[in-house]
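The following exercises are to be worked with the sequence and the structure at hand. Each task is followed by a solution in steps.

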Number of protein chains: 2
Amino acid sequence: MDGAVLLVHDGQAVRVSARKALAAAGYDVAEAVDVPTALQVAGRTRPCLIFLPWLGRRPVREALSELRAADPTRRSRIIVWAEQNEIGDAAMALELGADDCLALPFDAAELVARVNACLRRPLAAMRPDELTAGPLLLDKAMHRLTIHGREVALSPAEFRLLAFLLENQGRVFSREELLRGAWPKNISAGGRTVDVHVRRLRQLLEPFHCDDIIQTVRSFGYRLAVPARDARGSAELPDVSTHSTQL
Amino acid sequence: MDGAVLLVHDGQAVRVSARKALAAAGYDVAEAVDVPTALQVAGRTRPCLIFLPWLGRRPVREALSELRAADPTRRSRIIVWAEQNEIGDAAMALELGADDCLALPFDAAELVARVNACLRRPLAAMRPDELTAGPLLLDKAMHRLTIHGREVALSPAEFRLLAFLLENQGRVFSREELLRGAWPKNISAGGRTVDVHVRRLRQLLEPFHCDDIIQTVRSFGYRLAVPARDARGSAELPDVSTHSTQL
DNA sequence: GGGGGCCGTAACAGAACCGTAATGCCGGCG
DNA sequence: CGCCGGCATTACGGTTCTGTTACGGCCCCC
């Protein structure tokens, strides 16, 4: 994903001021006057973020699905901007899958801050019903878990627990927090309840050799494994997995 | 996470109109006039989302860290609202870890849409609280330490100790202070306990050649070395490498 | 009304971790 | 040059926490 931001708007003044603000913040900027043009431009620039004008509910929905379908923009964040008096409607874009919205005329600092925030966010939000981690694929809408394409049956509690962990991949949760977050609100459970359900989940995942994606963090709780990111070059580093080394 | 939204603002008119909009959308609403009051109210209502007023950079940063530290609000989403003319500054709250921001006076539909969007977003979207020192990167939320992108496993005590030192980078702490600051409050430990844990930490860091970032200050205690900033502008920081023996 | 799946609780065994004590090493000081 | 205070390092026993299994109750469906 190249770092460009694509501004789509028919008003030149808007584009110019946005371009200035973004350029000052170090972003590359591309422009287009309407959605069809934007799709062409996106083919060349592969923008990581797109500003889309509010054109009414129907057109925006179509524009969003077009952008989500096209390859160069599938993984782009999308911010919808709209005149101040239309911002109430434009906010609906958030329900339609946009990542943020912004009123015009905009404040330059706010615009840059929102762009930064959007890009910082994982883009998982665009497909809230499908959660994945490694070979796992959990479809919340269908209430179905598949591993390597093979379906695995989950009990309701197991499903809620796994879904919650998938939604917050990598974060550590205490047993209490898990009970609060992944259990029906009225229920009162305690003790080793979470442990047991974790155990049952791991048991289900074991045949697929991915029972270790649910990790225990001793004296704190549990978390879903997430591969270490930011593997910036470190060639000469020793292997730490087997620290049998002594001095 | 109980479904309440907590409105913090000193203007009653703002709170009333927001309450109406949210209530119409089916949310429970609680109110508070300032942050200290909010913390009390949050203890009872356990809000899933909090509206915080923009009070300047420093106060907001402190309010955020307070809310992230307190148990009932640790995993609440936070939206900062600010008068239109301050929205540019308020957007900075996004960098500080807020989930969204909103200009006043607000549009009711936009407010509700933003609340929905925030709550729809997984917690993971929140900015991780990362502490860094040189090649070290410690994420408290994920409970994970990576060095040069490699994950390193820490025991609970090691993690607490390292986190504490990272939070107070460069400061010297006596063993007593470390026990008080980085250990559970009820525990009673003394003697060479800290020494041993420092040793174990250094042992873990050694394969990465950064075991010397935990420095011994003879007859005082320990501290974390302030790493040399990358070439530019390290002017205001004292050089710690030289006077490692006494002060 | 019966049966099966699901869930929460209790109990036990094992592992991980922590604190303490003992010993060796180094630098400072008389 | 030798003593002494302070730190590093190692080893070890006790404690805490977790994994695992078994059991009984509940609810839903048949």
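**Exercise 1. The surface near DNA strand D**

In this predicted model, α9 (193-205) of chain A and α9 (193-205) of chain B each supply at least two residues of the surface near DNA strand D.

Task: State which helix gives the most to this surface, and which residues come nearest to DNA strand D.

Solution.
- Step 1. The helix that gives the most is α9(B), with four residues.
- Step 2. DNA strand D has 16 residues around it, and the nearest of these are A:Asp195, A:Thr216, B:Asp195, B:Thr216 and B:Ser219.
- Step 3. Sorted by class, the surface near DNA strand D holds nine charged, four polar and three nonpolar residues.

**Exercise 2. The strands around B:Thr216 and B:Ser219**

Task: Determine how β12 (residues 221-224) of chain B is paired with β11 (residues 214-217) of chain B and with β10 (residues 172-173) of chain B.

Solution.
- Step 1. Between β11(B) and β12(B), which run antiparallel, there are four bridges. Here B:Thr216 stands opposite B:Tyr222.
- Step 2. The hairpin of β11(B) and β12(B) has three residues between the strands, and B:Ser219 takes a positive phi near 65 degrees in it.
- Step 3. Two bridges connect β10(B) to β12(B), again with the strands antiparallel. B:Phe173 has B:Tyr222 as its bridge partner.

**Exercise 3. The parallel sheet of chain B**

Task: Give the strand order of the five-stranded open sheet in chain B, and explain why β2(B) and β5(B) each have one side without a neighbour in the sheet.

Solution.
- Step 1. The order is β2-β1-β3-β4-β5, with parallel pairing.
- Step 2. β2 (29-32) and β5 (100-104) of chain B stand at the edges; each has a single partner strand, so one side of each lacks a neighbour in the sheet.
- Step 3. From one strand to the next, the twist averages 20 degrees.
- Step 4. At one edge, β4(B) (residues 77-83) is joined to β5(B) by five bridges, and B:Ala82 stands opposite B:Ala103 in β5(B).
- Step 5. Helix α2(B) (residues 35-45) packs on the sheet, touching β1 (5-8), β2 and β3 (49-53) of chain B. The direction of α2(B) makes about 165 degrees with that of β1(B).

**Exercise 4. A helix of chain A**

Task: Compare the span of α6(A) (residues 108-120) with the expected value, and list its buried residues.

Solution.
- Step 1. With 13 residues, α6(A) reaches 18 Å from its first C-alpha to its last, close to the 18 Å expected at 1.5 Å a residue.
- Step 2. Buried in α6(A) are A:Glu110, A:Leu111, A:Val112, A:Ala113, A:Arg114, A:Val115, A:Ala117 and A:Cys118.

Terms used:
Residues numbered from 1 in each chain as written. Chains lettered and ligands numbered in written order. Predicted model: local features only at pLDDT ≥ 70, side-chain atom pairs only at ≥ 80, totals over all residues. Pairing = 2+ DSSP bridges. Axes fitted to C-alpha atoms, helices over the stretch in contact; angles between N-to-C directions. Contact = placed C-beta atoms within 7 Å. Near = placed C-beta within 6 Å. Nonpolar A, V, L, I, M, F, W, Y, C, P; charged D, E, K, R; others polar. Expected span 1.5 Å × (residues − 1). Buried ≥ 20, exposed ≤ 12 C-beta atoms within 10 Å, placed from the backbone.
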